[in-house]
Amino acid sequence: MNLVELFIIAVGLSMDAFAVSVCKGLSVQKMKVSHALTCGVYFGGFQALMPFIGYLMGSQFETMITKIDHWVAFILLGIIGINMIKESREKEEEYLDCSFGIKAMLPLAIATSIDALAVGVTFAFLKVDIFWAVTFIGAVTFVLSAVGVKAGNVFGMRYKAKAELAGGVILVLMGTKILLEHLGFIGF
């Protein structure tokens, strides 16, 4: 997996965290730098941790699944992406309190990084350098989450659904690309 593909996956994975960060920014009257840093650390940290855990889990099953690894990647990324697209279409109003404490942030960080766990499993099958990948994903998510808090504070909920939609489409396309590469239809 090259740097461009990793960046695309990192951006796709970070869209849930970005959307929640936008909501957190909307929930505060006066944004502080600490709000952006807190979201960045929680979301970036969990977006780095979860693929690593998924990679460790996937490595345990690698020998059994080698022949169908591209299908596993396609299905997992497709399911995650389709769920993100579906969530972007829901008109349900989300409420997030303005707390940036551990009780508020930890569940959000876990919830927004579950999809990264599944991506980590696919990384094991694709023989991705996991330390570089999780560092990169964590850094991209940190930056986008910090920016999301500011964007939410300034612009409100206008871009939340678009961010989720973009993230979902990116993950579905990456899953399709992996499948087509392994089936021999494209040769990047």
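**A partly exposed tryptophan, a nonpolar patch and a kinked helix**

Tryptophan 71 is partly exposed, at 38% relative accessible area (partly exposed lies between buried, under 20%, and exposed, over 50%, with a 1.4 Å probe and protein chains only). The model is predicted, so local features are given only at pLDDT of at least 70 and side-chain atom pairs at 80 or more, while totals for chains, interfaces and linings use all residues. Numbering runs from 1 along each chain as its sequence is written, and side-chain values rest on heavy atoms, without hydrogens or water.

Tryptophan 71 sits in helix H3. Together with Ile68, Ile75, Ile79, Leu180, Leu183 and Phe185, Trp71 makes a nonpolar surface patch of about 660 Å². Such a patch joins nonpolar side chains (Val, Leu, Ile, Met, Phe, Trp, Tyr) within 5 Å, from residues with over 30% relative accessible area and no salt bridge, that is, no Lys or Arg side-chain nitrogen within 4 Å of an Asp or Glu carboxyl oxygen. Helix H3 (residues 69-89) gives the largest share of the patch, 3 residues.

Turning to helix H1, 20 of its 25 residues are buried. At 1.5 Å a residue, H1 (residues 3-27) should span 36 Å, and the 35 Å between its end C-alpha atoms agrees. H1 nevertheless carries a kink of about 40 degrees centred on methionine 15, taken as the angle between axes fitted to the seven residues ending there and the seven starting there. At the N-terminal end of H1, asparagine 2 acts as a cap, with a side-chain oxygen 3.0 Å from the backbone nitrogen of valine 4.

Lysine 127, in the loop between helices H4 (102-126) and H5 (130-155), has a positive phi of about 60 degrees without being a glycine. Lysine 127 counts as exposed, at 58% relative accessibility.

Technical notes
Helices (H or I, at least four residues) and strands (E, at least two) are DSSP runs, numbered from the N terminus. The expected span of a helix is 1.5 Å times one less than its number of residues. A polar contact is a pair of N or O atoms within 3.5 Å; within protein, one must be able to donate a hydrogen and the other to accept it, and residues adjacent in sequence count only if both atoms are side-chain atoms. Patches are made of residues with over 30% relative accessible area and no salt bridge: like charges are joined within 9 Å, nonpolar side chains (Val, Leu, Ile, Met, Phe, Trp, Tyr) within 5 Å. Accessible areas come from the Shrake-Rupley method with a 1.4 Å probe; for residues, only the protein chains shown count as cover.
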